[in-house]
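Let's take a walk through this model, one region after another. Keep the structure open as you read, so you can pick out each residue when its turn comes.

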Amino acid sequence: MKIHEYQAKAILKQYGVAVPEGKIARTPEEAEAIARELGTDVVVVKAQIHAGGRGKAGGVKLAKSPEEAREIAANMIGMKLVTHQTGPEGKEVRQVLVEQGLDIAKEYYLGIVLDRSRSQLVIMASTEGGVEIEKVAAETPEKIIKEWIDPLTGLRPAQARKIAFALGLKGDAFKNAVKFLHALYEAYVQTDASLAEINPLVETRDGRVLALDAKMNFDDNALFRHPDYAELRDLNEEEPLEVEASKYNLNYIKLDGNVGCMVNGAGLAMATMDIIKLAGGEPANFLDVGGGASAETVENGFRIILSDPNVKAVLINIFGGIVRCDRVARGVIQAAKNVDIHVPLVVRLEGTNAEEAARLLDESGLKLQVANSLEDAAQKVVASLA
């Protein structure tokens, strides 16, 4: 689960992570009042959307007076902000963060994430802050410092000092960076985060070290331990069809293609999307109906897939292991009665009770094509688009 920058900073502050003073504003008048309250010569007005690259897109601006902060907020709130992460449709700005301006001496990058190849958390830091870390990794990987953390000992003081030293920090900034690292690590672990990214981490001219920007994602599977964090979810920032799918415990991700996919099992779903592309098509979604798919699950999956106007054909690819193929077939028949299936449909069912499923589909009178293999299914669904 993703949250906004201002929400991430509020959580980090609870764990002792240094962040600039600021408040959220939902109207231009609130932005002006906050700027007056902060009392600094310069304030920063930052659009709050779930996407990076806001600065380049005009979503981060400096204001030299409360009146200018109000004017910037008036232009920003309600605008469609288009960044390299939003896609061409952009995202609507509904609120802005108004923060104190800082006398910045240097910018850095700092992040914590799980390295699955080592089953350890890794802290990544770089002197190249304020830019896309992916670009740094691709062009100058030697500028990324990595420190893996033993889960039994946690972040050791020597490791925090090593990172601060590698960033070239000295004096008060060095001490503050070590404190910052320990606080950020504690926040990451205690909140069951899946990502904590500070970009940029800034050093001020008076030796302070603060999170100028902050991004946090949480492990959905651990949210039952943090009901207060679950309430921070902003559905306006999520794809509507993905929100709808989550209500029925469907794993759905919208893509840009035109072949709708309904599959059981994440691995089989990935393989299905790959073979659709190999056959010359483009998958319109990832949809895993899970191992215990019922007729209702299949019907809801159909309704969500067909809600995407880009879908011009649907491929159902089910391997009957935990879920029986005849149950899926009954779900397809039920869905056809309740949902308008107005596009070509290709079905491939293999495994438990596959013969029974084939008989049910054959006797249903539905207009569909039955495939004998995954390759055959992909070729038939792509051919139906012609």
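What follows goes through a cavity, a pocket, two backbone details and some helix pairs.

Before anything else, keep in mind that this is a predicted model. With that said, let's start on the inside. How many cavities of 30 Å³ or more does a search of the whole structure find? The search turns up one. The space in the largest cavity comes to about 40 Å³. Its lining is made of Leu110, Ile163, Ala164, Leu167, Leu169, Ala177, Phe180, Leu181, Leu201 and Val209. If you sort that lining by class, you get ten nonpolar residues, with no polar and no charged ones. Two helices, H5 (157–166) and H6 (171–190), each put at least two residues into the lining of this cavity. H6 has the largest share, with three residues.

Those two helices also pack on each other, so to speak, and that pair is a good next stop. The axes of H5 and H6 are 9 Å apart, and the packing angle is about 125°. Is that roughly antiparallel or oblique? Roughly antiparallel needs an angle over 145 degrees, and H5 and H6 are therefore oblique to each other. The crossing of H5 past H6 is right-handed. On the H5 side, the residues that meet H6 are Pro157, Ala160, Arg161, Ile163, Ala164 and Phe165, and their partners in H6 are Phe174, Ala177, Val178, Leu181 and His182. By class, this contact has nine nonpolar residues, one polar and one charged. Some names come back here: Ile163, Ala164, Ala177 and Leu181 are in the H5–H6 contact, and Ile163, Ala164, Ala177 and Leu181 are also among the residues that line the cavity.

Now for an open site. The second largest pocket has a volume of about 200 Å³. Around it you'll find Val113, Leu114, Arg116, Leu121, Tyr188, Val189, Asp192, Ala193, Ser194 and Asp219. Which elements give two or more residues to this lining? They are E7, H6 and E10. The lining of this pocket splits into six nonpolar, one polar and three charged residues, whereas the lining of the largest cavity has no charged ones.

Two of the strands just named lead to backbone details that you may want to look at in the torsions. Strand E10 covers residues 193–204 and holds proline 200. The peptide bond that leads from asparagine 199 into proline 200 is cis, with omega near 10°. The other detail is at serine 119, in the loop between strand E7 (104–115) and strand E8 (120–126). Serine 119 has a positive phi, near 55°, and it is a residue other than glycine.

Further along the chain, look at helix H9 (residues 266–278) and helix H13 (residues 374–383), whose axes come within 9 Å and cross at roughly 55°. That crossing angle makes H9 oblique to H13. H9 goes past H13 in a right-handed crossing. The residues that meet are Thr272, Ile275 and Ile276 from H9, and Leu374, Glu375, Ala378 and Val382 from H13. Sorted by class, the H9–H13 contact has five nonpolar residues, one polar and one charged.

The last pair is helix H11 (residues 325–338) with helix H12 (residues 354–364). Their axes come within 7 Å and cross at roughly 20°. An angle under 35 degrees counts as roughly parallel, so that is the label for H11 and H12. Their crossing is right-handed. H11 brings Cys325, Asp326, Ala329, Arg330, Val332 and Ile333 to the contact, and H12 brings Ala354, Glu356, Ala357, Leu360, Leu361 and Ser364. Eight of the residues in this contact are nonpolar, one is polar and three are charged.

Methods: Residues are numbered from 1 along each chain as its sequence is written. This is a predicted model: local features need pLDDT of at least 70, side-chain atom pairs count only at pLDDT 80 or more; totals for chains, interfaces and linings use all residues. Side-chain values use heavy atoms; hydrogens and water are left out. Axes are lines fitted to C-alpha atoms, for helices over the stretch in contact, and angles run from 0 to 180 degrees between N-to-C directions. Helices (H or I, at least four residues) and strands (E, at least two) are DSSP runs, numbered from the N terminus. Angles under 35 degrees count as roughly parallel, over 145 as roughly antiparallel, 65 to 115 as roughly perpendicular and the rest as oblique. A crossing is left-handed if the near helix is turned anticlockwise from the far one by less than a right angle, and right-handed if clockwise. Contact means heavy atoms within 4.5 Å. Ala, Val, Leu, Ile, Met, Phe, Trp, Tyr, Cys and Pro count as nonpolar, Asp, Glu, Lys and Arg as charged, and the others, Gly among them, as polar. On a 1 Å grid over the protein atoms alone, a cavity is a set of points where a 1.4 Å probe fits but cannot get out, and a pocket is an open set with protein on both sides within 12 Å along at least five of seven lines; lining residues have an atom within 4 Å of a point. Grid points are joined across faces, edges and corners, and a volume is the space filled by probe spheres set on the points.
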